[in-house]
Every structure is written in C-alpha cells, then in structure tokens.
Amino acid sequence: MRRANQLVGKTLGELAKHIKPGVTTLQLDKIADEFIRDHGAIPTFKDFPNPYGAPFPASICTSVNDAVVHGVPNNETVLKDGDIISIDCGTLLDGFNGDSAYTFCVGEVSEDVKKLLRTTREALYLGIENAVAGRHLGDISSAVQDHCEKEGYGVVRELTGHGIGREMHEDPQVPNYGRRGNGVLLKAGMCIAIEPMITMGDRSIYMMPDRWTVRTRDGKPAAHFEHTIAIRQGKAEILSSFDEIENI
C-alpha cells in the first residue's frame with residue numbers, strides 16, 4: 001500500500017512540472033500513463049467502470065475550475081493562466097491500490113481561489129488528525145465540514161472518500177460531513193482515502209453527459225485534495241505524499 005501510494009505522489013509530482021498555460025488535459029494524461037507504467041504499475045482509473053457501466057477512458061481525472069471531480073482528459077481543454085486543475089490519480093502495484101488528488105494552480109490565480117485551495121487542504125489534514133484508532137468516522141467528517149463551512153464554502157454531499165486496499169473502492173464510505181461520535185469505529189490497520197471536495201459557492205453539483213465529469217451548479221470553482229492513510233494508535237500514517245509536488 002505504501003509503495004503504491006508513494007508512486008501516486010511521484011506521478012503527481014511529475015505532472016506538476018508540466019502544468020502550465022497551453023497544455024491540454026490529454027497531454028497530462030499521456031504523461032501520467034507512461035510514468036505509472038514505466039514504474040511497474042497499472043493506472044487504476046483506466047477503464048474503471050462507473051455505476052452506469054461506462055468505463056473511464058483515461059489514466060487520471062483532470063477537473064478544471066468548476067469541475068469538482070472525474071473530469072475526463074481531452075484535447076479540447078487547454079489550460080489557461082488563472083485556471084485551477086484537480087488531478088486525481090490511482091495506481092495498482094503488486095496487488096494493492098494507491099489513490100491521491102491535488103488541486104494545482106495554473107499560472108497566477110486570484111486570492112479568493114487561493115483561499116479555497118488552502119482551506120480545502122487544511123481540512124484534509126484536520127480530517128487526518130481525527131483518523132486514529134478508537135475514534136469514529138464521523139470525527140473525520142465533522143472536522144472537514146466544520147473547517148470549510150465556517151469559511152462559507154460548500155461541502156459536497158453526494159461524493160465521498162472510501163476504504164481502499166486490494167480494491168480501489170472498499171467499505172467504509174468516508175463523507176466530508178457528519179457528526180462527531182457517529183459512524184464506524186476506527187481500528188488500527190484500516191486504510192481509507194480522505195478527500196474533501198469543496199466548492200466556493202453552493203454545494204449543489206450535476207453530472208455532464210459524459211456520465212463522469214461532475215460540476216458545480218453555480219459555475220464557481222471547486223477544490224479537491226486527497227490522501228490515503230492507515231489508521232494507527234495515536235496518529236494516522238499518511239501513505240501518499242505531496243512532497244514531490246511541493247518540493248519542485
């Protein structure tokens with residue numbers, strides 16, 4: 001699990017070198033696909049089916065601006081100065097899955113958008129602080145919700161984090177909203193993906209005709225950060241990493 005997740009971090013770090021105005025999301029997908037396979041793993045998202053039976057056609061999700069998650073890479077979406085792009089990446093390595101996401105700035109973005117990204121990232125780590133043996137799933141969810149809503153942001157309800165291991169999506173679901181003391185009791189050794197999906201405006205979302213891309217109804221930006229963690233006594237172990245991104 002640790003090796004699979006570290007590879008996800010390295011892949012996101014490699015993509016960070018190429019995120020700039022003029023680059024298409026399909027170009028980023030090709031870079032990620034080649035990088036993952038060159039390191040002996042399989043891009044988990046490629047051909048991953050959704051509930052409608054539609055296989056995902058790419059190796060990463062590229063969600064730009066008002067796209068919350070599951071954006072499909074293509075040649076028509078060209079990054080522009082001031083955009084943000086959330087990239088979700090998964091790998092399958094030696095039978096175990098890695099999963100992580102990061103929202104990148106393209107060029108210079110507005111202060112309002114920077115604050116959205118900063119708050120969402122902070123919420124992720126607040127959730128992780130509560131992901132320890134003996135607490136409940138609702139402690140994680142409440143920490144994320146409280147931090148984001150006090151800043152006036154929307155917390156998406158319809159999409160959640162998840163358990164992860166030999167399968168990409170396992171029980172339990174990990175919502176970004178909830179009440180402390182509620183939900184599954186956390187036990188040492190459990191592995192989950194915590195992924196706040198936060199909107200600048202209203203939390204309402206809708207799905208595009210491609211049956212994958214999820215957007216905000218009001219057209220305002222959304223941010224998405226994700227780590228895969230292992231539940232431990234006292235302090236969670238973060239299996240994925242943002243170091244490769246943030247040390248460039």
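**View 1. The buried residues of helix α2 in this predicted model.** Seven names to look for here: Thr-25, Leu-28, Asp-29, Ala-32, Asp-33, Phe-35 and Ile-36 are buried in α2. Residues three or four places apart on an α-helix point the same way, because there are 3.6 residues a turn. The cover over the buried residues of α2 includes α1 (2–16), β1 (42–43), β2 (60–64) and β4 (84–93). The helix itself takes in residues 25–38, and its 14 residues reach 20 Å from the first C-alpha to the last, close to the 20 Å expected at 1.5 Å a residue. Just past the end of α2, look for Gly-40, which has a positive phi of about 80°.

**View 2. The open three-stranded sheet, β6-β10-β13.** Pairing here is antiparallel. β6 (154–155) and β13 (222–224) are the edge strands; each has a single partner, so one side of each has no neighbour in the sheet. Two bridges hook β6 up to β10 (residues 197–199), and Val-155 has Ile-198 as its bridge partner in β10. Helix α3 (residues 111–129) packs on this sheet, touching β10 and β13, with its direction at about 35° to that of β13.

**View 3. The open five-stranded sheet and its helices.** The strands go β8-β7-β9-β14-β15, again with antiparallel pairing. At the edges sit β8 (170–174) and β15 (237–238), each with a single partner strand, so one side of each is left free of a neighbour in the sheet. β7 (residues 161–163) and β9 (residues 191–194) are joined by two bridges, and Gly-163 faces Ile-192 in β9. Helix α3 turns up here too, lying across β9, β14 (227–230) and β15 at about 10° to β14. Helix α4 (residues 137–149) lies across β8 and β9, at about 40° to β8.

**View 4. An aromatic cluster around Phe-242.** The structure has six aromatic pairs. One of them is Tyr-125 with Phe-242, edge-to-face at 6.4 Å centre to centre and 85° between the planes. Those two come from distant parts of the chain, 117 residues apart: Tyr-125 in α3, Phe-242 in the loop between β15 and α5 (243–246). Tyr-125 is partly exposed, at 25% relative accessibility, while Phe-242 is buried, at 3%. Phe-225 also pairs edge-to-face with Phe-242, with centres 6.2 Å apart and planes at 65°. Ring pairs tie Tyr-102, Phe-104, Tyr-125, Phe-225 and Phe-242 together as a cluster.

**View 5. Two arginines over tyrosine rings.** Arg-157 lies over the face of Tyr-177, 4.6 Å from the ring centre. Arg-211 has its charged end over the ring of Tyr-52, at 4.4 Å from the centre.

Terms used
Residues numbered from 1 in each chain as written. Predicted model: local features only at pLDDT ≥ 70, side-chain atom pairs only at ≥ 80, totals over all residues. Heavy atoms only, no water. Pairing = 2+ DSSP bridges. Helix = DSSP H or I, 4+ residues; strand = E, 2+ residues; numbered from the N terminus. Contact = heavy atoms within 4.5 Å. Axes fitted to C-alpha atoms, helices over the stretch in contact; angles between N-to-C directions. Expected span 1.5 Å × (residues − 1). Buried < 20%, exposed > 50% of the residue type's maximum accessible area, 1.4 Å probe, protein only. Phe/Tyr/Trp six-rings, centres within 6.5 Å; stacked < 30°, edge-to-face > 60°. Lys NZ or Arg CZ within 6 Å of the ring centre and 35° of its normal.
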